[in-house]
Amino acid sequence: MAPVRHPDAPPPGELLGAHYEHCFGCGGGQPHGLHLQARAGEGVRVSAEFTVKPAHQGAPGLAHGGVLATALDETLGSLNWLLRVIAVTGRLETDFVRPVPVDTVLHLDAEVTAVHGRKIYSTATGRIGGPDGPVAVRAEALFIEVKVDHFIDNGRPEEIRAAMADPDQVRRTRAFEVNP
């Protein structure tokens, strides 16, 4: 089925922010994290930018493929905020098209292509040199909608307790909103 943007989804152009301070992909509490910030787009789309730092390299002067896959996964996971569902990555298939040098800004664009029951299908591209630049990486993903119990039952108890004890209700809720 075609995806439907939730009526309470953030409006196009709004920064989505970090769902959890200690998330490697979007959290500010990770010194070598990606600090990726996704922005709501039209329909069921998001965009993001990620600057490859020296701490993210694999081969000398080039981004590590796993870091690029993480940037794609984080961007794809942000799509679930537009559907207003809690979902986790079930499958992530990544194509590495060209090398991404350190200090390069990777321009990411992702969209939900279909929804079937608890399954959410999406695609993403990462471009260098600007939003219309050459494709460096791309991915197709399957996310699975879950309940918050998925995290409570499987997460490390001390982090779960800390997140649930946060007096800020918005932060407490957001910690479990998207693919941590």
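**Notes on the sheet, the helix across it and the core**

1. Let's start with one pair of strands. Strand β2 (residues 45–51) and strand β4 (residues 105–116) run antiparallel and are joined by seven bridges. One place to look is Ala 48, whose bridge partner in β4 is Leu 108. Keep in mind as you go through this that you're looking at a predicted model.

2. Now zoom out to the whole sheet. It's an open one made of six strands, in the order β1-β2-β4-β5-β6-β3, with antiparallel pairing. Which strands stand at the edges? They are β1 (37–40) and β3 (87–96), and each has a single partner strand, so one side of each has no neighbour in the sheet. From one strand to the next, the twist averages 20°.

3. Next, find helix α1, residues 65–78. This helix lies across β1, β2, β3, β4, β5 (119–128) and β6 (135–145), and it runs at about 50° to β6.

4. On to the core. The largest nonpolar core has 38 residues, and the ones touching the most other members are Phe 50, Leu 76, Leu 106 and Leu 108. Two or more residues come from each of β1, β2, α1, α2 (80–83), β4, β5 and β6.

5. Leu 108 deserves a closer look, since we've already met it as the bridge partner of Ala 48. Leaving out residues up to four places away in sequence, what does Leu 108 touch? The list is Leu 36, Val 46, Ser 47, Ala 48, Phe 50, Ala 71, Leu 72, Thr 75, Thr 125 and Gly 126.

6. Follow that last contact to Gly 126, which sits in strand β5. Gly 126 has a relative accessible area of 0%, so it counts as buried. His 107 is 19 residues away from Gly 126 in sequence, yet their C-alpha atoms are 5.3 Å apart in space. Not counting residues up to four places away in sequence, Gly 126 touches Leu 72, Leu 106, His 107, Leu 108, Pro 134, Val 135, Ala 136 and Val 137.

7. Last stop: Thr 104, in the loop between β3 and β4. Is Thr 104 buried or exposed? Its relative accessibility is 15%, and buried means under 20%, so Thr 104 counts as buried. The Thr 104 side chain reaches the backbone oxygen of Pro 101 at 2.8 Å. Setting aside neighbours within four places in sequence, Thr 104 is in contact with Phe 50, Thr 51, Val 52 and Ile 128. You'll recognise Phe 50 from the core: it's one of the residues that touch the most other members there.

Definitions and conventions: Residues are numbered from 1 along each chain as its sequence is written. This is a predicted model: local features need pLDDT of at least 70, side-chain atom pairs count only at pLDDT 80 or more; totals for chains, interfaces and linings use all residues. Side-chain values use heavy atoms; hydrogens and water are left out. Two strands pair if DSSP finds at least two bridges between them. Helices (H or I, at least four residues) and strands (E, at least two) are DSSP runs, numbered from the N terminus. Axes are lines fitted to C-alpha atoms, for helices over the stretch in contact, and angles run from 0 to 180 degrees between N-to-C directions. Contact means heavy atoms within 4.5 Å. Buried means under 20% relative accessible area, exposed over 50%, partly exposed in between (1.4 Å probe, protein chains only). A polar contact is a pair of N or O atoms within 3.5 Å; within protein, one must be able to donate a hydrogen and the other to accept it, and residues adjacent in sequence count only if both atoms are side-chain atoms. A nonpolar core is a set of buried Ala, Val, Leu, Ile, Met, Phe, Trp, Tyr and Cys residues joined through side-chain atoms within 4.5 Å.
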